[in-house]
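Welcome! Here is a short briefing to help you find your way around a new structure. Take a look at it first, and then we can walk through some of its parts together.

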Amino acid sequence: MDQDKPREIRLALDAIPVGGKAEGKAGDDAVLFVRDADGVRAFQAKCPHLGAPLAKGEICGGRLYCPWHKAAFALSDGSLEEPPALEALTRYPVRIEGGEAVATLTPEPAPAKRAAAPVGHVLIVGTGAAAVACVTTLRREGFSGRITMVGREGHPPYDRTKLSKQFLAKPTPPEKTLLEPDFAAAHQVERIEAEATRVDPAARSVTLADGRTLTGDALLIATGSRAVVPDFEGKDLNGVMTLRSLDDAVRLSEAAEQAKRVVVIGAGFIGLEAAAFLTKRGLSVTVLSREEIPFAKRFGEAVGAALKQYHSGNGITLVTGTVARIAGNGRVASVETEDGGSLPADLVLIGAGAAPETGIVAGVEPDEKGGLRVGADLTLADRVWIAGDIAAFPEHGSGVTARIEHWRLAQQHGTHAAQAILGAQGDFVAAPFFWSNQGDKRLDYGGYAPDFERIILQGDPAALDFIAYYVREGRAVAACSIGRNKPFTAFLHLLGEGRVPDPAAIEGGADLAALV
């Protein structure tokens, strides 16, 4: 065998449908072939986010969507169009030989870009999803200027979505959550580990706890949220924890090694995800919830009841009630409820939600939900953008002002801000999306439907095989799904393009995948 000959993967053309895709393999190598009227192209076979097999994804219009977390790539060249991936697909040369497509496993060079940016120094407050997406977009688009990123966490940027999931199922090295081992060096970022005490949008400046003041030609404020800890008696006992940061997750995982009984206060996404994966670790887990049916207000009673039944069947005890106090002598022993109940605990996780970190932003009053109101282009002031959890922005699909705590939406905000910094014009119109690993089931939710008026439910929630459409003011503005990836992805794509059919058509069985 010629050791110098590039490796190749061959696949019969007949195996690649026109307008479709197919994976080709040779030994341990694999590529994804896509075919349309312009010919055949080949890309890496796995999503660069978390390695999902792209052959199981969906093609909608000119996009390929990851089957797990809905990163989107252009079919024309593999370029990134939507996170949570932060880079384009690697593309391989393809030739047609007889009745076969042949991919040579020597990556095609990415086109060099150089952005003629109107600014020389970008200052970012925050190190989370929005900040990271802003940095990677700036560099991907060829911005060669200075970038400074300020945040109090000592870790390189990490994937916060992992913290309440598999990270807790067994002892896991913290570095498994990192986006890159040395993000700052890889993207030529000046990383300042410090507490910001004041952000002045008018001056585009940030004051640090040590007295230093930083300024930039453009400013992105992406300070994120902090875990809410209600003023329970006993909240400061050893063994009472929250789960927001990587340090929180490490402490919780280490404490779980010594614990047998866990009480989770709150049946939101963080609470139920953590409960499911701590149960996999062999712990006895009780979830205390104010609501009899978790998620009923967000997803409807049928979906909420199905999730409750699923978790109960996997060993989680769900109790309805409110906290009277957390009891213990130096260390937690139990959670006592207002109705006189007592839930024994070696470990308590408070999952009472998150509050936006807006107090350091000068001259701006938060709205009633704690967010900072911005225009549809996410600008707060001249060359100042707000992104992520703290942004109260006009959500395009629903038409209402929203503050949304989604990892992927924060990434979309950061991407939009980067493009605006580079001179792009226009409003933020991307469709929100999040996923939640409820144990072994992945729940997808796209859009925004506060105070929805009715639900169009297709499938069987009890079997966790369904898609639910949420109708508000005569329009389907959101959808929730487990096990229905094809129609859900089509809905998300159509929502982003403003082409969702009316509710009557959806109720009548409209094939959304045929409309993309």
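How much space lies in the second largest pocket? The answer is about 1100 Å³, and please keep in mind that this is a predicted model. The notes below begin with that pocket, then turn to two open sheets, a hairpin, a helix and two serines.

**The second largest pocket**

- The lining of the second largest pocket is made up of 45 residues. Those that lie nearest the centre are Ser79, Leu80, Glu81, Arg140 and Glu141.
- Several elements each give at least two residues to this lining: strand 6 (63-65), strand 8 (80-82), helix 1 (129-140), helix 7 (407-421) and helix 8 (485-497).
- Which helix supplies the largest share of the lining? That is helix 7, with seven residues.
- Sorted by character, the lining residues of this pocket are 18 nonpolar, 13 polar and 14 charged.

**The four-stranded open sheet**

- Four strands, in the order 5-6-7-8, make an open sheet with antiparallel pairing. At its edges are strand 5 (58-60) and strand 8, each of which pairs on one side only. From one strand to the next, the twist averages 35°.
- Three bridges link strand 5 and strand 6, which pair in the antiparallel sense. Across this pairing, glutamate 58 stands opposite tyrosine 65 in strand 6.
- Helix 8 packs on this sheet, where it touches strand 5 and strand 6. The direction of helix 8 makes about 30° with that of strand 5.
- Strand 6, strand 8 and helix 8 may sound familiar, as they are among the elements that supply residues to the pocket lining.

**The six-stranded open sheet**

- Six strands form another open sheet, in the order 14-13-12-18-31-30, and here the pairing is mixed. Strand 14 (190-193) and strand 30 (379-381) each have a single partner strand, so one side of each is left without a neighbour in the sheet. The twist in this sheet averages 20° from one strand to the next.
- A general point helps here: the strands of a sheet pair through backbone hydrogen bonds, in either a parallel or an antiparallel way.
- Strand 12 (residues 121-125) and strand 18 (residues 218-221) run parallel and are joined by four bridges. Leucine 123 stands opposite leucine 219 in strand 18.
- Helix 7 packs on the sheet and touches strand 12, strand 18 and strand 31 (384-386). The direction of helix 7 makes about 170° with that of strand 31.
- Helix 1 lies across strand 12, strand 13 (146-151) and strand 18, and runs at about 170° to strand 13.

**Strand 35 and its partners**

- Is strand 35 (residues 441-447) largely enclosed or largely open? Five of its seven residues are buried, so strand 35 is largely enclosed by the rest of the structure.
- With strand 34 (residues 433-438), strand 35 pairs in the antiparallel sense over six bridges. Serine 436 has leucine 443 in strand 35 as its bridge partner.
- Strand 34 and strand 35 form a hairpin with two residues between the strands, and there glycine 439 takes a positive phi near 65°.
- Strand 35 also pairs with strand 38 (residues 475-482), in the antiparallel sense and over four bridges. Glycine 447 stands opposite alanine 478 in strand 38.

**Helix 3 and the loop before it**

- Helix 3 (residues 246-256) is mostly covered, with eight of its 11 residues buried. Among them are Leu246, Asp248, Val250 and Leu252.
- The cover over the buried residues of helix 3 includes strand 20 (240-241), helix 4 (269-280) and strand 27 (347-350).
- Serine 245 sits in the loop between strand 20 and helix 3. Its relative accessibility is 15%, so serine 245 counts as buried.
- Not counting residues up to four places away in sequence, serine 245 touches Glu153, Tyr158, Arg160 and Leu163.

**Serine 289**

- Where is serine 289 found? Its place is strand 22 (residues 284-289).
- Serine 289 has 3% relative accessibility and therefore counts as buried.
- Leaving aside neighbours within four places in sequence, serine 289 is in contact with Ala267, Val319, Thr320 and Gly321.
- Serine 289 and alanine 267 are 22 residues apart along the chain, and their C-alpha atoms are separated by 5.4 Å.

Technical notes: Residues are numbered from 1 along each chain as its sequence is written. This is a predicted model: local features need pLDDT of at least 70, side-chain atom pairs count only at pLDDT 80 or more; totals for chains, interfaces and linings use all residues. Side-chain values use heavy atoms; hydrogens and water are left out. On a 1 Å grid over the protein atoms alone, a cavity is a set of points where a 1.4 Å probe fits but cannot get out, and a pocket is an open set with protein on both sides within 12 Å along at least five of seven lines; lining residues have an atom within 4 Å of a point. Grid points are joined across faces, edges and corners, and a volume is the space filled by probe spheres set on the points. Ala, Val, Leu, Ile, Met, Phe, Trp, Tyr, Cys and Pro count as nonpolar, Asp, Glu, Lys and Arg as charged, and the others, Gly among them, as polar. Two strands pair if DSSP finds at least two bridges between them. Axes are lines fitted to C-alpha atoms, for helices over the stretch in contact, and angles run from 0 to 180 degrees between N-to-C directions. Contact means heavy atoms within 4.5 Å. Buried means under 20% relative accessible area, exposed over 50%, partly exposed in between (1.4 Å probe, protein chains only).
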